[in-house]
Amino acid sequence: MIIKSQKGRGRKIHLLLDDEYRLTTDVDFWLENYIPDGTDIDDDEWKELQLKINYRKAFNKCADLLSRRSHSVKELREKLLKTVDERSADLAIEKYIELGYLNDEEFAKGYAEHLFNTKNYSRYQVKHELIKKGIDGQIISNIIDDNETNAAESIIRIINKLYLTKLRAEGGKEKVIAALMRRGFSYSDIKEAFKRIENE
């Protein structure tokens, strides 16, 4: 197979095999791994080049995504697989774990803290969200057990923000209790919250 390169838009380099487009990389990669136009390469050499290109793409994509916010391993992998193959995605993820930029436990702690304190989520809701992010069950249990957020205080904040009007309507208390239970709060915590509201 005869390889050729063509300059694309911006910093893109398009690679062709036997005059047929196959893959796009960037100028930096091509300067480091340059193969002169007209070089005859075999299947193994092409596969090795593809892996290098896709790994670089996955590595750079990881950097871009992690610079915006922290991710769990699962969600980062799902995003990578939209543009690169599994092997390249997994290699890039392994590298970022090794470098200390990707850590499910640290991610889960920060995410749970945000859900508890900013979103006023119940323990059940936080657990559900962490499961969706692919966090290990033991890590979730530890985080939930270590949580010092007062459920009654979270409920009071939710009521003040969302349910005050409904609470004043006829039969409103029962509806608000039902809504809070759907959010995963226990009846005892809801009862405690109402007791505090009444006392205030």
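**Exercise 1. Secondary structure of the chain**

Task: State how many helices and strands the chain of this predicted model contains, and give their order along the sequence.

Solution: The chain in this predicted model holds 10 helices and 4 strands. Reading along the sequence, one finds the pattern β-β-β-α-β-α-α-α-α-α-α-α-α-α.

**Exercise 2. Overall dimensions and burial**

Task: Work out how the radius of gyration of the chain stands against that of a compact globule of 200 residues, and add what the extents, the burial and the contacts contribute to the description.

Solution: Begin with the reference value, which for a compact globule of 200 residues would be near 16 Å, whereas the chain has a radius of gyration of 26 Å. Next, take the extents of the C-alpha trace along its principal axes, which are about 85 × 35 × 20 Å. Then turn to burial, where 36% of the 200 residues count as buried. Finally, consider the contacts with a separation of 6 or more, of which 54% are accounted for by residues 24 or more positions apart.

**Exercise 3. The pair α6 and α7**

Task: Determine whether helices α6 and α7 run roughly parallel or antiparallel, and describe the contact between them.

Solution: Helix α6 covers residues 123-132 and helix α7 covers residues 137-146, and their axes come within 10 Å and cross at roughly 155°. Because angles over 145 degrees count as roughly antiparallel, α6 is roughly antiparallel to α7. The crossing of the two helices is right-handed. On the α6 side the contact is made by Arg-123, Val-126, Lys-127, Leu-130 and Ile-131, and on the α7 side by Ile-140, Ile-144 and Asp-145. Sorted by character, the residues of this contact comprise 5 nonpolar, no polar and 3 charged.

**Exercise 4. The pair α8 and α10**

Task: Carry out the analysis for helices α8 and α10, giving their relative orientation, the hand of the crossing and the residues that meet.

Solution: The axes of α8 (residues 151-168) and α10 (residues 187-199) come within 9 Å and cross at roughly 70°. Since angles of 65 to 115 degrees count as roughly perpendicular, the two helices α8 and α10 are roughly perpendicular to each other. The crossing in which α8 passes α10 is right-handed. From α8, the residues Ala-151, Ala-152, Glu-153, Ile-155, Ile-156, Ile-159 and Leu-167 meet Asp-189, Ile-190, Glu-192, Ala-193, Phe-194, Arg-196 and Ile-197 of α10. This contact divides into 10 nonpolar, no polar and 4 charged residues.

**Exercise 5. Three individual residues**

Task: Assign Thr-25, Glu-129 and Lys-132 to their secondary structure elements, and classify each by its relative accessibility.

Solution: Thr-25 belongs to strand β3, which covers residues 20-26. Its relative accessibility is 9%, and because buried means under 20%, Thr-25 counts as buried. With neighbours within four places in sequence left aside, Thr-25 is in contact with Arg-11, Lys-12, Ile-13, Leu-15 and Ile-53.

Glu-129 lies in helix α6, and at 16% relative accessibility Glu-129 also falls under the 20% limit and counts as buried. Not counting residues up to four places away in sequence, Glu-129 touches Tyr-111, Leu-115 and Tyr-121.

Lys-132 lies in helix α6 as well. Its relative accessible area is 48%, so Lys-132 is partly exposed. The C-alpha atom of Lys-132 is separated by 8.9 Å from that of Glu-75, a residue 57 residues apart from Lys-132 along the chain.

How values were computed: Residues numbered from 1 in each chain as written. Predicted model: local features only at pLDDT ≥ 70, side-chain atom pairs only at ≥ 80, totals over all residues. Heavy atoms only, no water. Axes fitted to C-alpha atoms, helices over the stretch in contact; angles between N-to-C directions. Parallel < 35°, antiparallel > 145°, perpendicular 65-115°, else oblique. Left-handed = near helix turned anticlockwise from the far one by under 90°. Contact = heavy atoms within 4.5 Å. Nonpolar A, V, L, I, M, F, W, Y, C, P; charged D, E, K, R; others polar. Rg over C-alpha atoms; globule rule 2.2 N^0.38 Å. Buried < 20%, exposed > 50% of the residue type's maximum accessible area, 1.4 Å probe, protein only.
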